[in-house]
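Q: Please take a close look at one part of this model, the helix that opens the second domain, and set it in the context of the whole chain.

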Amino acid sequence: MAELEAVIGLEIHVQLATRTKMFCGCELSFGDEPNVHTCPVCLAHPGVLPVTNEQAIRYALQIAAALECEVAPRSIFHRKNYFYPDSPKAYQISQYDVPLASNGRLGDVRIHRAHLEEDAAKTIHVGDSGRIHGSSASLVDFNRGGTPLVEIVTEPDLRSAAEAASWARLLRETVRQLGVSDVNMEEGSLRVDGNISVRPAGSEELGTKTELKNMNSFRFLERGIEAELARQRELVEAGGTVAQETLHFNPSDASLTPLRSKEEAHDYRYFPEPDLVSLVPTEEMLREARESLPELPAARIERYRKQMGLAEDTAALLATDPATAAYFEQTAKEAGKGVEPRVVANWVTGELAAALRQDGGDAGAAESKVEPAALAALVAMVQEKKISNSSGKAVLATLVAEGGDPAAIVDREGLAQISDSGELESIVAAAIEANPDAAEQVRAGNRKAIGAIVGFVMKQTKGRADGGEINRLIEAQLDARAG
Ligand SMILES: [Zn+2]
C-alpha cells in the first residue's frame with residue numbers, strides 16, 4: 001500500500017480587540033462578571049436592529065491585507081441558523097457565499113477565505129456535565145455574545161502536525177503585530193480548529209476529513225493533529241474508511257471524542273441578513289488598511305534570507321518576534337561590515353540562546369543584560385581572533401550574568417588570545433612531550449588521538465588559544481619530528 005500523506009487545513013477564529021461588539025454598543029471586556037455587557041440587541045429582544053461596527057471592518061481589512069487577500073468590493077452578511085443556548089437569536093450573523101476576503105497567502109499556505117462574523121455567548125457546564133438535576137446545570141454568559149470575529153480558512157496545504165503548529169504560530173504573530181486582537185489561545189481570543197485527512201502520497205484527491213476542535217495551545221494543536229492522523233492512518237491501513245465528523249481532543253490523555261456528525265451547509269439554512277446593508281469598503285478604508293501594515297514576520301523572514309543570507313530556520317527564529325528581530329538587526333549593525341549578518345545570527349540563536357538557558361531565566365535576547373553593542377563587540381573579537389571561541393563563550397556567560405563591556409571582561413579575566421606564536425609553540429611542544437602515547441597514535445594515523453594533546457594545550461592556556469591554530473601547530477610539530 002502506498003504511504004499515506006497527511007492533508008491539513010486550519011480554521012482560525014480571531015476575536016477582534018474592538019472597544020464594542022460587532023452589532024451593538026456593548027463594551028468588550030474579558031473576565032468581567034457574567035452578563036454585565038448585554039443589551040436588547042445582543043440578547044435578541046424583538047424588534048431590535050443590528051448596526052455593523054466600523055472598527056471591526058477596518059481591523060478585518062487589515063487582516064485581509066496582511067494575508068494578501070483579494071477584498072470583495074461588496075460582500076454580504078448571512079444568517080446561519082442553529083438552535084443552541086449560546087445563540088439567543090437562534091442564528092449567527094456570518095458571511096457565506098460572498099466573504100469579505102479570499103485568495104490570500106501567508107508563507108507557504110494559501111488562504112481560502114477570511115470573513116467577518118459574531119461570536120456566540122459562552123456556555124459554562126457546572127457539575128455533572130449539564131444535566132439540570134441537583135447541582136448540575138449549564139450556565140450562559142452573554143458578555144462574549146456578539147464579539148466581532150474574523151474567521152480565516154486555509155487551503156489544505158499543511159502536511160504535518162508540526163508544520164500546522166508552526167504555521168499557526170506565524171499567523172498568531174502576524175495578527176498580534178497588526179494590533180487588532182489579543183490572540184490569546186487560553187482566553188479564547190484565538191481559536192484554531194483542524195480539518196484533517198489522509199490520502200495515498202502523490203494523490204491529488206482529498207480524503208474524507210474530520211474536524212478537530214478544542215486545541216487551546218499550540219502544543220495541544222500539534223498533539224491533537226498527531227493523534228488524529230495516527231487514528232486515520234491505522235483505520236485506513238486496516239481497510240476501513242474515515243467518517244466525516246467533528247472530534248474533541250482531550251489533552252489529558254490524548255483521546256479523541258466524536259462531538260456530532262458534521263453538519264452540511266444546508267443544515268444551517270443560510271439566507272441573507274435582511275436587517276443589514278452590504279459591506280462595501282471605501283477606497284480610503286482599503287488604502288488605510290494597506291498603509292497601516294508594519295513589516296510582518298513573513299516579509300521579515302524573506303528579507304533575512306534574501307538580503308542577509310540567513311538559513312530559513314534561523315531567519316524564522318529571529319524574525320517572528322519583533323523585539324528579537326530588532327535586537328538582531330541592531331547587533332548586526334553595530335558589528336559592522338567586518339562581520340557577516342549570518343555570523344551574528346548564529347550567535348544570537350546559538351551561543352546567546354544557550355547562555356540564557358544556562359542562566360535559568362526565560363528572558364529572550366532583547367530583555368537580557370547583553371546589549372546589542374556588547375554582543376557585536378564580542379562577536380567581532382572572536383572573528384578577528386583577538387579571543388578564542390571558548391573564551392568568547394566565557395565572556396558571554398559573564399555578560400548574561402552581569403552585562404557590561406566585553407573588552408573590559410577580557411582584560412579583567414586575562415582572556416586575550418595568545419598571539420605570541422613562540423609561546424604557543426613551546427606549549428604545544430610540551431603537550432606532545434607529556435602525551436607520548438597520543439602522539440604515537442596520531443603519527444600512526446589515528447586522527448582522533450589528537451584530542452588529548454589539544455586538551456592539554458587548552459588547559460595550559462586556559463582556553464586562550466585558537467583551536468584551529470593549536471591543531472595546525474601540533475600537526476606541524478609531529479610531522480617535523482617524524483621526518
Ligand atoms: Zn449588546
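A: The account below starts from the chain as a whole, turns to the helix, and then follows its surroundings outward.

This is a predicted model, in which local features are reported only at pLDDT of at least 70 and side-chain atom pairs only at pLDDT 80 or more, while totals for chains, interfaces and linings use all residues. Residues are numbered from 1 along each chain as its sequence is written.

The secondary structure of the protein chain comes to 15 helices and 14 strands, where helices (H or I, at least four residues) and strands (E, at least two) are DSSP runs numbered from the N terminus. The C-alpha trace spans about 100 × 55 × 50 Å along its principal axes, and the radius of gyration is 30 Å, whereas a compact globule of 483 residues would have a value near 23 Å; this radius is taken over C-alpha atoms, and the globule rule is 2.2 Å times the number of residues to the power 0.38. Of the 483 residues, 37% are buried, a residue being called buried if 20 or more other C-beta atoms lie within 10 Å of its own, exposed if 12 or fewer, and partly exposed in between, with C-beta atoms placed from the backbone.

The domain assignment divides the chain into domain 1 (4–291), domain 2 (297–413) and domain 3 (421–482), with bounds that come from an automatic or database domain assignment.

Helix H5 covers residues 297–308, and domain 2 is assigned to 297–413. The 12 residues of H5 reach 15 Å from the first C-alpha to the last, close to the 16 Å expected at 1.5 Å a residue; the expected span is 1.5 Å times one less than the number of residues. Buried in H5 are Pro 297, Ala 298, Arg 300, Ile 301 and Tyr 304. The cover over these buried residues includes helix H6 (312–319) and helix H7 (322–335), and also E5 and H2, by contacts in which the C-beta atoms of two residues, placed from the backbone, lie within 7 Å. Just after H5, Gly 309 takes a positive phi of about 70°.

Two of the covering elements, H2 and E5, deserve a further word. Helix H2 (residues 161–178) supplies four residues, the largest share of the side of domain 1 that touches domain 2. That contact takes six residues from domain 1 and five residues from domain 2, and the centres of the two domains, taken over C-alpha atoms, are separated by 39 Å. By class, the side of domain 1 that touches domain 2 has two nonpolar, three polar and one charged residues, where Ala, Val, Leu, Ile, Met, Phe, Trp, Tyr, Cys and Pro count as nonpolar, Asp, Glu, Lys and Arg as charged, and the others, Gly among them, as polar.

Strand E5 (residues 101–106) contains Asn 103, which has a positive phi of about 55° although it is not a glycine. Most residues other than glycine have a negative phi. With 13 C-beta neighbours inside 10 Å, Asn 103 counts as partly exposed. Ala 90 likewise has a positive phi, near 70°, but the place of Ala 90 is in the loop between E3 and E4, and Ala 90 is exposed, with 11 other C-beta atoms within 10 Å.

The two strands that flank this loop belong to an open, antiparallel sheet of three strands in the order E4-E3-E14. Strand E4 (91–95) and strand E14 (271–272) stand at the edges, each with a single partner strand, so one side of each is left without a neighbour in the sheet. Strand E3 (residues 77–81) pairs with E14 over two bridges, which DSSP must find in at least that number for two strands to count as paired (at least two bridges); here His 78 stands opposite Pro 272 in E14.

Farther along the chain from H5, Leu 375 lies in helix H9 (residues 372–383) and is buried, with 27 other C-beta atoms within 10 Å. Leaving aside residues up to four places away in sequence, Leu 375 touches Thr 331, Trp 347, Leu 352 and Val 370. The C-alpha atoms of Leu 375 and Ser 102 are separated by 44 Å, with the two positions 273 residues apart along the chain.
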